[in-house]
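Dear colleague,

I am passing on the structure we spoke of, together with some notes on its internal cavities. Please open the model alongside this message, as the notes refer to it throughout.

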Amino acid sequence: MNGAASAARSKRKDPPHPVDGRHPKHHRPNGDLSEEGTPHEEYESSAASGYDDYDELRLPSAAAIIPPTTATTDSAEWQATIQNVVKSVVSIRFCQTCSFDTDPGLCSEATGFVVDAERGYILTNRHVVGAGPFWGFCIFDNHEEVDAYPVYRDPVHDFGILKFDPKAIKYMPVRALPLRPDLAKVGVEIRVVGNDAGEKLSILSGVISRLDRNAPEYGEGYSDFNTCYYQASAAASGGSSGSPVVNIDGYAVALQAGGRADGAATDYFLPLDRPLRALKCLQEGKPITRGDIQCQFLLKPFDECRRLGLTPEWEARVRKAFPKETNMLVAEIILPEGPSHGKIEEGDVLIKVNDELLTQFIRLDDILDSNVGKPVKLLLLRGGKEVEVEIEVGDLHKITPDRFVSVAGGSFHTLSYQQARLYGVACKGVYVCEAGGSWRFDSAENGWLIQSVDHKKTPDLETFIEVMKNIPDKSRVVVTYKHLRDLHTLNTTIIYVDRHWSRKMKLAVRNDETGLWDFTNLADPLPPVPPVPRKASFIQLDNTIHPAVADLVRSFVHVSCTMPVKLDGFPKNRKWGMGLVVDAEKGLVIISRAIVPYDLCDISITIADSIVVEGKVVFLHPLQNYAIIQYDPKLVDAPVLSARLSTEEITQGQPTYFIGYNRIGRIVHAATTVTETFAVTIPANSGAPRYRAVNIDAITVDTSLSGQCGSGVLVAQDGTVQALWLTYLGERNPSTHRDEEYHLGFATPSIIPVVRQIQQGVVPKLRMLSVELRAIQMSQARLMGVSEEWIHEVSLANTSHHQLFMVAKRTFERDTEHIPPDEQLLEGDVLLTLNGKIVTRISDLDVMYSHEYLDAVIVRDCQERRLRLRTVSADDVETTHAVSFCGAILHRPHHAVRQQISKLFSEVYVSARTRGSPAYQYGLAPTNFITHVNGRPTPDLKSFLREVVKIPDNTYFRLRAMTFDSVPWVVTMKKCEHYFPTMELIKDPSEPCGWRRVTYESGKVYQGEGPDGVVQPAGESTDMDVDMGVCDI
């Protein structure tokens, strides 16, 4: 229920971006006002309606709210009541900092009300409080703010209690609302006073129409059960969760909880009997005992009970004892292996408990809560026959998890009663509450139960922990798992255990005294097992005419890349594709940059579908969409073949042979023809700039296989590779919210100089022109001022494409303000020659990579000019330093940002943020530039880090920021080091991973991870781009 859709159904506002009416401050693409950096895809996909009986529950929309009846239209008596009530009502703004049980990490807002002004207790919903601690605060009616934390959440019923310091409220008297569950009657006029649809205060009117409704079901996630709900017409919406339902005398008679989704103005309220009992226990310092027999009952009317076996004699006795009742309790779900298993059956009608005639949930709760650990006697009617059973009452708190363990990027706890009841399974097993890092299975959905790890059974959390302690870092182990929806199917996968990016195995235990997760390090990682050489052979390609083409199978390797932290706007955290071996002796492999976008990653290379070795990034081309990675050839005893790269350009109409790997990694091949070679323009992603290829010639071929394959080659008859077939990452589709990918060929002659340098042990030092060029035809060139003589020269130089290139966009370069215009290209310039050679193909630009200056002839403003152009070094294009602060990932503006912007406001750029973090709650969005911290300039990461480390924990600070589209704004945020410590990632070749981590926490500096902090699965939970896929070609 704490997810986006669930929160909506339960009317908790999600997320609270427009704080105090301010809209999110970040760059937005045209026409889609829902984007944040890039769209919230998980919100789209998870908005499935939940149902209860035959009623559809509300998915609220502010536009669909019925105009509320406010105090201005009420009687004087109601006005006086509401004036008193609003002093007790608070707006709750909070973050669930990590996934736990049914709750994902998120930021939201809701309502609560003071029920004990002296001790500082606030009553709200359990789906607001969540299963674990949250980080948040309350705002009173006079806009005073105070920190609050949960001290109790009911394991089943939809209520929880927060605690705050009443002394912190200085400018108004804190008043408590009395709880009077006895005053809830049919026909009573009520008001729902709360934070409706994100408004600070909204007062909605209604009349209680029903007291015997079953608890609403909200689909997957948290749902209340084994209680009745009240029904009224109030039409409350997002953010109203936890609002008091008051009568005209100012008493709270119920707690706002849920509503319908079909437009009907119907709301559901939780009775206050159990919240009142819990409050009294807290006030008296007594434990809040909760008993359960792991059986869900439903209220069913007498006519249905008759069909289930209710005899006339018992019906008469019940009706006489409870003349106003029309329902009885009927067993609906009995959990396997629970106390009721084998004793109660579905459809049994409950008659008596401990010899007491009973028809109401409230009385049943009383008996069970008072008999924890003791037996109770139940009299049931089963098909008209009386059945008496004795069942021992279990402790509900013991089957409700209060801890989780994080290891290798995932989080795990014992399966909760909530989840077990939802799927009707036994309340046991190791549940994956955060399937991140090494634990990303073949589906992005939640609900997995781990069955075994490394061929060892893991029936419970304790066994799972011991198994994981003994698995070395970088191991590849077999994991079996099941889904709660399909326990018949045992899934098997192999995971790569990451204990180097996520070194610690942390146990988090809920502390209801402090309202925090208490973290403990259970085990440091075991060192990796040294790899040993392995032997393998390749498959043979059948039915190929040319043996040299068939041999090329030995040049392909499978490359898997996992990114533990999102950098450079890249939308995924895991990618795979096929790489081409260009030097088997040195282990050099070429792969698309859509697969390996940057070098803060883990690379696994599989050779001959048999040998798995580690890879490392050797070279990343800044413009041409390829990376060169390397493995240790000493570990590979297999006939790997170095691909021969062609030095001649492939041309339109030329026959070739296509070898590719389709979306499931199968090799396909076909003889084909080159249909076109052209200067391609990959669309930029306006929401979150990320790497894209520019200034390249692309190749298309006449086979349908080309669209199915993201990796491959074009091969000549003699086995020479004429072109790579690569995946190019494009823009995010505004309608489907998915990332577009283009599959195109790239000719090999441009690659050869770089490969040769690397083979010689030289790190390529490329230079480039900081412009993006667009092909123009002669008709356009003539209008731009190109002379007839030059047009004739073009027709002679390139008979297949009569084209020139115009500067479409300049890339912003640092420290270039002093360069005069006659040493640089400007937008609109038409490029004629470089170093004396006419430029009619993109490959003619390759000369720039090896020259500091270029002699150019251009046409600018219809005038021919000769320029001496200065190229820029590509050495500092890649990200080498990043900072994680308050859940935001910050680094220097990467190349894609500079390609799309005309001015850098700061060297501190927000690349991503984590859901449930302060950055998310306060609206610090991707594509923002941070220019000041507490009024002090922060032009770079070093100065930014110096300022933020000074800020005390749990205190507010000011950030001055600039949006991508040049709008300045100021955001106030509160620091939260316990969950989101400040962390530096610094590229360091001396480190085994190539990067070094430094953590700043509680005034101390730690080399590596600090003692606290939640697992931040950067691929799954960041707001920059929601990762809906796992393996993408």
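A cavity here is a set of grid points where a 1.4 Å probe fits but cannot get out, and a residue counts as lining a cavity when it has an atom within 4 Å of a point. Please bear in mind that this is a predicted model.

With that in place, the structure holds 9 cavities of 30 Å³ or more, and the two described below are the largest and the second largest.

The largest cavity contains about 110 Å³ of space, and its lining is made up of 14 residues, among which D568, R593, Y691, E878 and H894 lie nearest the centre. By class, that lining comprises 4 charged residues alongside 3 polar and 7 nonpolar ones. As to where these residues come from, domain 4 (534–760) and domain 6 (879–1007) each supply at least three residues to the lining of the largest cavity.

For the second largest cavity, the volume comes to about 80 Å³, and of the 15 residues that line it, M578, S711, G712, W725 and L726 lie nearest its centre. Two or more lining residues are given by each of the strands β34 (574–583), β35 (588–592), β43 (711–715) and β44 (721–732), with β44 giving the most, namely 4 residues. The lining of the second largest cavity has no charged residues, and divides into 9 nonpolar and 6 polar ones.

With best regards

Technical notes:
Residues are numbered from 1 along each chain as its sequence is written. This is a predicted model: local features need pLDDT of at least 70, side-chain atom pairs count only at pLDDT 80 or more; totals for chains, interfaces and linings use all residues. Side-chain values use heavy atoms; hydrogens and water are left out. On a 1 Å grid over the protein atoms alone, a cavity is a set of points where a 1.4 Å probe fits but cannot get out, and a pocket is an open set with protein on both sides within 12 Å along at least five of seven lines; lining residues have an atom within 4 Å of a point. Grid points are joined across faces, edges and corners, and a volume is the space filled by probe spheres set on the points. Ala, Val, Leu, Ile, Met, Phe, Trp, Tyr, Cys and Pro count as nonpolar, Asp, Glu, Lys and Arg as charged, and the others, Gly among them, as polar. Domain bounds come from an automatic or database domain assignment.
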